[in-house]
Amino acid sequence: MSVNLTKGQAISLEKNDGASLTAVRMGLGWQAAKRRGLFGSRTREIDLDASAVLFAEKQPIDVVFFRHLVSDDGSVRHTGDNLVGGVGQGGDDEAILVDLQRVPVHIDQIVFTVNSFTGQTFQEVENAFCRLVDETNGQELARYTLAGGGEYTAQIMAKVHRAGSGWTMTALGTPANGRTFQDLMPSILPHL
């Protein structure tokens, strides 16, 4: 059973039987919003990019994104860049896989961001979401749906952070501006 998260809500990443999750997928999906024009409605391709920034004690240690598909330690992997969105018709357009058992012990948080590399605002995006899936069985655990669009080009979507011997996911949903994860660092830091 999936949980629909609201901004700031956290869920434990523990299975129903009390066991910890071992591998998760953070999926990102979106579609270009239809715009009415002089000659009918049309859509423009939107290139959103998912990134995962790995932190140790509030210091960025590594990042996984379309130009660096695998973390240096191999525990986090991006499945590849999607330049248009909407391909999955409600499924994941980009995904980042996290092998929680392989994440080095000094990494205490992984922050997932979404940015418009081409600079379009979220007013031009619809049906955007990020979701967390148990990669071992394909079960969706949580979903955060982006609502409302806006005059910003990025979102700090969610973070996965250590909680005792397990992990917790927190939906952040914070609007930001920037074309790359580097541009988003000032917006990420308050959430650590």
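Is Glu 135, at 35% relative accessibility, counted as buried, partly exposed or exposed? Glu 135 counts as partly exposed, because 35% falls between the limits of 20% for buried and 50% for exposed. Keep in mind that this is a predicted model.

Glu 135 is one end of a salt bridge. Its partner is Arg 25, and the closest N and O atoms of the two are 2.8 Å apart. This pair ties together distant parts of the chain. Arg 25 sits in strand E3, residues 23-32. Glu 135 sits in the loop between strand E11 (125-134) and strand E12 (139-145). The two are 110 residues apart. Arg 25 has 16% relative accessibility, so Arg 25 counts as buried.

How many salt bridges does the structure hold? It holds two. The other one to look at here joins Glu 140 and Arg 131, with the closest N and O atoms 2.9 Å apart. Glu 140 is at 16% relative accessibility and counts as buried. Arg 131 is buried as well, with a relative accessible area of 15%. In general, side chains of opposite charge can pair when their charged atoms come close.

Now step back to the whole chain. It has one helix and 14 strands. Of its 192 residues, 53% are buried. The chain exposes about 9100 Å², and carbon and sulfur atoms supply 50% of that area. Consider next the contacts between residues at least 6 apart in sequence. Of these, 69% join residues at least 24 apart.

The helix comes next. H1 spans residues 181-188, and its buried residues are Phe 181, Leu 184, Met 185 and Ile 188. Why do they line one face of the helix? Seen down the axis of H1, they fall within an arc of 135°, so they line one face. The general rule is that an α-helix has 3.6 residues a turn, so residues three or four places apart point the same way. What do the buried residues of H1 pack against? They pack against five strands: E6 (48-56), E7 (59-64), E10 (109-116), E13 (154-163) and E14 (166-176).

Follow the chain from E6 to E7. The loop between them holds Glu 57 and Lys 58. Both have backbone angles to check. Phi of Glu 57 is near 50°, a positive value in a residue other than glycine. Phi of Lys 58 is near 70°, again positive and again not in a glycine. Glu 57 is at 68% relative accessibility and counts as exposed.

Past E7, the loop leading to E8 holds Gly 74 and Ser 75. Gly 74 is partly exposed, with a relative accessible area of 25%. Its C-alpha atom is separated by 8.5 Å from that of Asp 99, a residue 25 places away along the chain. Ser 75 is buried, with a relative accessible area of 3%. Which residues does Ser 75 touch, leaving out those up to four places away in sequence? They are Leu 97, Val 98, Asp 99, Arg 102, Val 103 and Pro 104. The side chain of Ser 75 also makes a polar contact of 2.5 Å with the side chain of Asp 73.

The next loop, between strand E8 (76-78) and E9, holds Gly 80. Gly 80 has a relative accessible area of 19%, so Gly 80 is buried, the limit being under 20%. Gly 80 and Arg 67 are 13 residues apart in sequence, and their C-alpha atoms are 9.0 Å apart in space. With neighbours within four places in sequence left aside, Gly 80 is in contact with Leu 69 and Glu 94.

That contact leads to the last stop. Glu 94 is in strand E9, residues 94-99. Glu 94 is buried yet has no salt bridge. Where is the nearest side chain of opposite charge? That side chain belongs to Arg 67, 12 Å away. The limit for a salt bridge is 4 Å, so this pair does not count as one. Glu 94 does have polar partners. Its side chain makes a polar contact of 3.1 Å with the side chain of His 78. A polar atom of the Glu 94 side chain also lies 3.0 Å from the backbone nitrogen of Ala 50.

Key. Residues are numbered from 1 along each chain as its sequence is written. This is a predicted model: local features need pLDDT of at least 70, side-chain atom pairs count only at pLDDT 80 or more; totals for chains, interfaces and linings use all residues. Side-chain values use heavy atoms; hydrogens and water are left out. Helices (H or I, at least four residues) and strands (E, at least two) are DSSP runs, numbered from the N terminus. Buried means under 20% relative accessible area, exposed over 50%, partly exposed in between (1.4 Å probe, protein chains only). Lys and Arg count as positive and Asp and Glu as negative; His and the chain ends are not counted. A polar contact is a pair of N or O atoms within 3.5 Å; within protein, one must be able to donate a hydrogen and the other to accept it, and residues adjacent in sequence count only if both atoms are side-chain atoms. Contact means heavy atoms within 4.5 Å. Accessible areas come from the Shrake-Rupley method with a 1.4 Å probe; for residues, only the protein chains shown count as cover. The arc is that of the directions from the helix axis to the C-beta atoms.
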